[in-house]
Amino acid sequence: AIFGSTVATPKSAMNLDGGFMVKLINKTGANSVKGEVVRVNSALDNSVVKTIDTAPDAIGVFYETGIADGQEVWVVVSGIADVYFIGSTTRGHLARTFIASEAGYVTGQALSEAIPSSPFASDKHFCEIGHVLSARTGAGLAKVLLHFN
């Protein structure tokens with residue numbers, strides 16, 4: 001939209017997969033990597049950092065690769081997005097971040113886990129980021145229907 005002589009830059013959009021995304025500042029200390037899971041950065045307004053284990057507060061995933069630290073980057077916060085997994089995924093599994101001392105932990109990456117027959121412990125529940133929509137073998141991107149707990 002144009003207001004006077006200034007062109008407004010959109011801060012929200014839909015991705016081609018059906019996800020809603022917003023522009024936030026990458027404060028990870030490195031270039032963004034598509035599919036990495038992020039949380040709010042408590043040190044700077046409107047910015048994000050990669051999730052860490054035991055931090056059950058993910059808000060989205062990077063939509064773009066290569067956006068430098070300190071620059072605005074698209075972050076998918078709901079709907080469908082590619083998420084970076086540490087290993088294989090199975091359609092219908094939960095996608096979640098890590099709890100303390102889990103094997104294979106990588107900052108900003110997710111894991112695929114079968115839906116339990118009995119309720120999750122609360123630490124796993126609050127690390128849930130969505131449901132896996134596409135299967136893959138090995139580490140990499142897989143489609144997830146995001147819904148952060």
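The largest nonpolar core of this predicted model comprises 16 residues. Within this core, V37, V61, V83, F85, I129 and L146 touch the most other members. Four elements each give two or more residues to the core: β7 (58-62), β8 (72-85), β11 and β12 (140-146). The most comes from β8, which gives five residues. A further core lies apart from this one. That core has seven residues, among them L24, V38, V73 and V75.

The contacts of V83 were examined with residues up to four places away in sequence left out. V83 then touches G35, V37, V61, A110 and I129. V83 also touches G140, L141, A142, V144 and L146. Several of the V83 partners, including V37, V61, I129 and L146, are listed with V83 among the core residues that touch the most other members.

Strand β6 (residues 47-50) pairs with two strands. With β4 (residues 19-26), β6 runs parallel, and two bridges join them. In this pairing, N26 stands opposite V48 of β6. With β5 (residues 37-40), β6 runs antiparallel, and three bridges join the two strands. Here K50 of β6 is the bridge partner of V38. V38 is also a member of the seven-residue core. β5 and β6 form a hairpin, with six residues between them. In the turn, N46 has a positive phi of about 55°.

Two loop residues were also examined. Q109 lies in the loop between β9 (94-96) and β10 (111-113). Its relative accessible area is 14%. Q109 is therefore buried, as this value falls under the 20% cut-off. Neighbours within four places in sequence aside, Q109 is in contact with Y84, F85, I86 and F98. One of these partners, F85, belongs to the largest nonpolar core.

F126 is found in the loop between α1 (122-125) and β11 (128-132). The relative accessible area of F126 is 42%. F126 is partly exposed because this value lies between the 20% and 50% cut-offs. Neighbours within four places in sequence again aside, F126 is in contact with P56 and N149. From F126 to V106 the separation is 20 residues in sequence. In space, the two residues are 18 Å apart, C-alpha to C-alpha.

How values were computed: Residues are numbered from 1 along each chain as its sequence is written. This is a predicted model: local features need pLDDT of at least 70, side-chain atom pairs count only at pLDDT 80 or more; totals for chains, interfaces and linings use all residues. Side-chain values use heavy atoms; hydrogens and water are left out. Buried means under 20% relative accessible area, exposed over 50%, partly exposed in between (1.4 Å probe, protein chains only). Contact means heavy atoms within 4.5 Å. A nonpolar core is a set of buried Ala, Val, Leu, Ile, Met, Phe, Trp, Tyr and Cys residues joined through side-chain atoms within 4.5 Å. Two strands pair if DSSP finds at least two bridges between them.
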